[in-house]
Structure formats: structure tokens, C-alpha cells
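These are my notebook entries on a single model. I looked up pockets, one helix and a few loop residues.

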Amino acid sequence: MVNITYDASGSIVWQDPDTGKIFVYNPGDIAWTLASTALVFIMIPGLGYFYSGLLRRKNALSMIYLSVMTIAVVSFQWFFWGFSLTFSDTGSAFIGDLRYFGLKGVLEKPSIGSARIPSIVFCIYQLMFAAITPMLAIGGFADRAHLGPLLAFVFAWSTLVYDPIACWTWNSNGWSFAHGSYDFAGGTPVHISSGSAALAISIYLGKRRGYGTEALAYKPHNTTFVVLGTLALNITGTKGGSALSANLRAAQASIVTNLAASVGGLTWMLWDYRIERKWSAVGFCSGAIAGLVAITPGSGFVGSPAAVLFGFMAGTICNFATQLKFVFGYDDSLDVFASHAIGGIVGNILTALFAQASVAGFDGFTVIPGGWLDRHWIQLAWHVADSCAGVSYSFTMTTIILWIMHYIPGLRIRVPEGVEIVGIDESDMGEFAYDYVAMEPELKGVSYVSSVVRRESDPESLMKERHSSASGSNH
């Protein structure tokens, strides 16, 4: 039997059998956290639609599929050992242990995140962050990755990359948490880790066919998907949910999130307008995402005026950061590194500067020394250290995972050129986002491409053909 009772107000009461201490869980706090869980869940397929709209139609369905696939894989991983590795209260400064393996003991006890909600509520809420993070990184695979091996990649990446970074950021035993870094909703665990992973993925996969030519100078195939995906990602309650309680701090986090996203979208759009003299919906959406990323760590720590600066700086810096791929020669097709890693770093630094003890105290119990506005100068050093650790660890571990998979039969991710031409939807799914007939203008010479795919899937026939060609040329 679960050792809980209900008081006259309907609140859940649990008494620690060891210490006798009584904990009261307010139904409003539980309801708000569960509602926020649903809102973050919606963001994940929303991200799939956002990515899908930016790509060509021949790869549109695969990105939407990957969003729901990621939810499924991470849900199992979180149950199996992910939650324990991240939030075990007996873990190390770097990663948790297996105390809560299989969610054993995760039910009515106070959560490690807040004593105001039971651990089972905290667990399902944090699952949503664990699920959306690898989906952000998957943007680096766009156009040129087999779908099957990504099942293994998501499980391994969540275990070896996300869980340790989330542990050191949010677990009370974590080294970054213990030193007082402020990360309200995932600046380092979610955005810096996924953006850095996308960079590693882009470098590992290499450039797409036609890189640097008109072949890849395409416009997003469905701007409507891009806008709808952005709206799903801009659900302001997702940041407010990280207050883990229905209070003024949750409301403040929601309003600064919307404000930063709005300013970020306008800023990016205006920077793009100076070049093409067009009011770009894609540009606005890209800036809104950058603003959302930047405000993530500071949403529960900064005031509304600071949120305007967060949005402006993110919309500006992330816009220009999209040019890094041309400078350094990597093919990040969806600019995940520029938007999420760079945006996360911008957010971490600005949070160190503008965090206020008064804002954090809106919930009635959080006490912090604040950032530079409160003359707490060392805060910036800790945020820089946390950002550098997140970038270097995620990039390095992602590269290791990819190369280990590269040498395991059946787990090599990169598709051959013929499959890249046909598209992942036809090659790996046999299903399409749209009527197949509408794809024919894009797939020029589809009979030739199909023959390439067949030959590449049959090495013996390919060798015979090459031998025959060589013999003919000798004669």
C-alpha cells in the first residue's frame, strides 16, 4: 500500500517513516507540472514538423517519424535506467547510480527536484526533456542517415551524453549544481549538448551530395510546417513548468520565454531583410527558436527587460553563426549547432549577468546570490565553465559513439549516394509525406537512381559491372 493520506483540502500527505517528517503535495502544483509535461510532449512532434518543413519533400516524413521514434526509445531508456542515472540522490558529481533502476521506489516520495511534488510526477516531467534533446541533435542527420541505426544511437546517446550532463546540472550532487550554476530549463543539458552533438554528427557524416552547388540551394519545401512547428515549440508553459509549482515564478518564466522568442524572431527577420528585402517567415521562425534557446537557462532567474536583450542577442548572434559552416567547411543542414549550441552559450552567459535573487524568490522559497546585477561576480566564471564542459563532453562522446557504431555491422549510419538522391522516405520507409507523383519533378532520372540503389545494395553485381566496363575499355 502507498503510504499517503489526504487532508481536508485534498492535498496529498506523506510522512517519512525514518524521520517522521511530513510532506504535503498541493494538487495544484501536481496538476501544473503534469499539464506542463503534456505541453513539452507536444513540442517533440512539433520539432519533427519544424525540421520536416525545412527539408526537401523526399525526406519530409522521415523527420516526423524520428520525432515519435525518439519519444518511444527515450521513454524506455528513462524507465530502464535513464532517470536513475540522472536523478539518483546517491550518485556522484558526474552521474547517478542505479538506485532507481526500472523506476523502483519512484512514486510517492519527495522528488529530488522539489519537495513540493512526488517523485513520480517529477520523473514524467523530466522524461520530456530527455526525449526532446536527442531529437534536437537528430537534425544533424538530415538528408543522409539510415533510420534503423538511429534507434541504437538515441539509446546510447541518451545514456552516455544527456544523462551525465543533466545530472551535473540538475542533480543536487552534480558538480555544476553544487557550485551554484543557474540553469532553469536546460541551457546546457538540452541545447548545448544537442547542438554540439549535431556538429559532431555533421562532421562524421560529411557533406551531402551537391554541397556548395545549386543542387542544395533549395527553399524549405513546406513553410507551413515550419511555422506550425515553431508555434508548438513556443508553448510558454514549458518553461513555467520547471518551477515545479503553480506560482509567480512559473508565470514569470512563461512571460520572459514568450518575450525573448518574440524579440528573437523579429531580430532575425530584420537581419535577413537587409539582404533580400523580403519578410521571411522562415527567418522569423529561426529567430524565435534562437530566442527560446537563449532564455532557457535564465527563464526562472531574469526579469522581463533582460528577456528583450536575450532575444535580441540570440537573434543576432545565432543568425551570423549560421555562416560558421561555410567558414569551417562542415555541412550542418538544419543549423542545429548555430541555433542551439551557440544560442545555449549566449543564454548561459547572459543568465550569469542578469540573474536576480529577487526573481528567483518569486516562488517563495528559492534563495540564490544572483548574478552580476546583484554583484555576484563569480557567477560568470561558473557559467563559462559549465558551457565549455557541455560543448566538449557532448562533442567528444557523440563522436566516439558514431565511430563505434561505424564499425558494428548493421549500425553504420551514412547512406550511399544513390539513397541520398532518392530520399530517406523511399529508401528506408517506403512511405511518403505526400502523393509520390508530386515528387517526380524533384527526382530527375529516377530510373537511373533506382538502378544505382539496387547496384549499391548488391556488391557482387556492382563488381561484375565494373569488371565488364574495365574489360571493354581495355579492348
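Entry 1, the largest pocket. I sorted the lining of the largest pocket by class and obtained 21 nonpolar, 12 polar and 10 charged residues. I counted Ala, Val, Leu, Ile, Met, Phe, Trp, Tyr, Cys and Pro as nonpolar, Asp, Glu, Lys and Arg as charged, and the others, Gly among them, as polar. The model is predicted, so I note that local features need pLDDT of at least 70 and side-chain atom pairs count only at pLDDT 80 or more, while totals for chains, interfaces and linings use all residues. Residues are numbered from 1 along each chain as its sequence is written, and side-chain values use heavy atoms, with hydrogens and water left out.

I read the volume of the largest pocket as about 1,300 Å³. Its lining has 43 residues, and Y218, P220, V282, K325 and D335 are the closest to the centre. For the term pocket I used a 1 Å grid over the protein atoms alone: it is an open set of points where a 1.4 Å probe fits, with protein on both sides within 12 Å along at least five of seven lines, and lining residues have an atom within 4 Å of a point. Grid points are joined across faces, edges and corners, and the volume is the space filled by probe spheres set on the points.

I then asked which helix gives the most to this lining. It is α9, with 6 residues. Helices that each supply at least two residues include α1 (27-54), α7 (223-233), α9 (248-276) and α13 (336-354). Helices here are DSSP runs (H or I, at least four residues), numbered from the N terminus.

Entry 2, the second largest pocket. I found a volume of about 660 Å³. Of its 28 lining residues, G113, W170, F177, R249 and F301 lie nearest the centre. Two or more residues come from each of α3 (119-138) and α4 (148-170), and α3 gives the largest share, 4 residues. By class I recorded 16 nonpolar, 9 polar and 3 charged residues.

Entry 3, helix α7. I listed F225, V226, G229, T230, A232 and L233 as buried in α7. These residues lie on the same side of α7 because they cover an arc of only 160 degrees around the axis, the arc being that of the directions from the helix axis to the C-beta atoms. Buried means under 20% relative accessible area and exposed over 50% (1.4 Å probe, protein chains only). On the face turned away from the buried side I noted the exposed residues L228 and L231. The buried residues of α7 pack against α1, α2 (60-87), α3 and α10. At the start of α7, a side-chain oxygen of N222 comes within 3.1 Å of the backbone nitrogen of T224.

Entry 4, the loop between α2 and α3. I placed S88 in this loop and found S88 buried, at 0% relative accessible area. Beyond neighbours within four places in sequence, the contacts of S88 (heavy atoms within 4.5 Å) include F83, Y100, I112 and N171. V106 is also in the loop between α2 and α3, and at 7% relative accessibility V106 counts as buried. With the same neighbours left aside, V106 is in contact with F83, Y100, S119, I120 and C123.

Entry 5, positive phi. Is D143 buried or exposed? D143 is buried, at 4%, and has phi near 80 degrees without being glycine. R375, with phi of about 65 degrees, is exposed at 67%.

Technical notes:
A polar contact is a pair of N or O atoms within 3.5 Å; within protein, one must be able to donate a hydrogen and the other to accept it, and residues adjacent in sequence count only if both atoms are side-chain atoms.
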